[in-house]
Amino acid sequence: MKFYLQVSVTIKIIHISEVLLMPIQEMLAHNKRFVEQKQYIRYETDSFPNKKMVVLTCMESRLVELLPRALNIQNGDVKMLKNAGAVINRPFGNIMKSILIAIHNLRAEHVVVIGHHDCGMTKIKPNEFIQNMYKNGIKEETVAFLERSGISIEEEFRGFKTVEQSIQQSVSIIKNHPLLPKYVNVYGLVMDPATGKVTLLSHRD
Ligand SMILES: [Zn+2]
């Protein structure tokens with residue numbers, strides 16, 4: 001009985017470590033082949049975006065390949081920024097700074113913010129999110145300490161009601177930014193994550 005128990009425990013440990021290491025091991029092995037076979041040659045380009053465009057979109061995994069294919073974006077064509085929801089909420093936050101760098105240093109003249117239907121950011125519920133943190137081992141004291149220090153978890157991780165509204169708001173922050181040159185065009189799009197079809201949102205300041 002004791003012997004069987006030991007065997008089953010050993011098998012379980014090996015199984016868990018394989019699951020944890022497999023994706024990165026697979027990536028590293030692929031990378032070795034990619035470089036050795038000089039597969040990078042077809043992607044050679046420079047740092048200036050060919051379409052003079054910056055794209056801000058969601059980190060949504062359904063869009064990783066679909067978005068560039070659906071919009072004919074090739075390597076070297078655009079500066080691509082991603083976050084959860086394609087959201088800009090601070091005029092001097094990292095995303096807006098990246099957009100300004102793309103414009104002033106890298107010759108971008110068009111900014112396109114692309115949200116998508118069925119976005120996880122429309123489903124974020126602050127209470128559930130905090131409960132998930134606790135389940136993942138974050139201590140309640142830590143959250144309480146942050147709240148006392150003026151960092152509201154609820155405020156920092158809040159989602160949005162509709163993707164259209166959120167994209168319009170981000171577009172508005174970009175358009176009204178004091179450091180945005182007059183010649184820059186700013187657009188808001190919403191993509192269907194199943195078909196790649198986009199809808200151009202009408203301009204609203
Ligand atoms: Zn999303």
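Let me start with a pair of strands: strand 1, residues 53-58, and strand 3, residues 110-116, run parallel to each other and are joined by five bridges. Keep in mind that this is a predicted model. Two of the partners can be named. V54 has V111 as its bridge partner in strand 3, and T57 has I114.

I114 also leads us on to the next strand, since its bridge partner in strand 4 is L189. Strand 3 and strand 4 are parallel as well, with seven bridges between them. As a reminder, strands of a sheet pair through backbone hydrogen bonds, either parallel or antiparallel.

Now the whole sheet. It is open and has five strands, in the order 2-1-3-4-5, with mixed pairing. At the edges are strand 2, residues 78-83, and strand 5, residues 198-200, and each of these pairs on one side only. From one strand to the next, the twist averages 25°.

How many of the seven residues of strand 3 are buried? Six are, so strand 3 is largely enclosed by the rest of the structure. For that count, a residue is buried if 20 or more other C-beta atoms lie within 10 Å of its own.

Next, the helices that lie across these strands. Helix 3, residues 94-106, lies across strand 1, strand 2 and strand 3, and runs at about 175° to strand 2. Helix 7, residues 163-175, lies across strand 3 and strand 4, the latter being residues 185-191. The angle between helix 7 and strand 4 is about 165°. Strand 3 therefore has both helix 3 and helix 7 lying across it.

Helix 5 is a separate case. This helix covers residues 140-148, nine residues in total, and the number buried is zero, so helix 5 lies largely in the open. After helix 5 comes G150, which has a positive phi, near 95°.

One last residue: P68. You will find P68 in helix 2, which spans residues 63-70. Is P68 buried or partly exposed? P68 has 18 C-beta neighbours inside 10 Å, so it counts as partly exposed; the cut-off for buried is 20 or more. Along the chain, P68 and V78 are ten residues apart, and their C-alpha atoms are separated by 9.9 Å. V78 brings us back to the sheet, as strand 2 covers 78-83 and is one of the edge strands.

That is what I have for today.

Note on methods. Residues numbered from 1 in each chain as written. Predicted model: local features only at pLDDT ≥ 70, side-chain atom pairs only at ≥ 80, totals over all residues. Pairing = 2+ DSSP bridges. Helix = DSSP H or I, 4+ residues; strand = E, 2+ residues; numbered from the N terminus. Axes fitted to C-alpha atoms, helices over the stretch in contact; angles between N-to-C directions. Contact = placed C-beta atoms within 7 Å. Buried ≥ 20, exposed ≤ 12 C-beta atoms within 10 Å, placed from the backbone.
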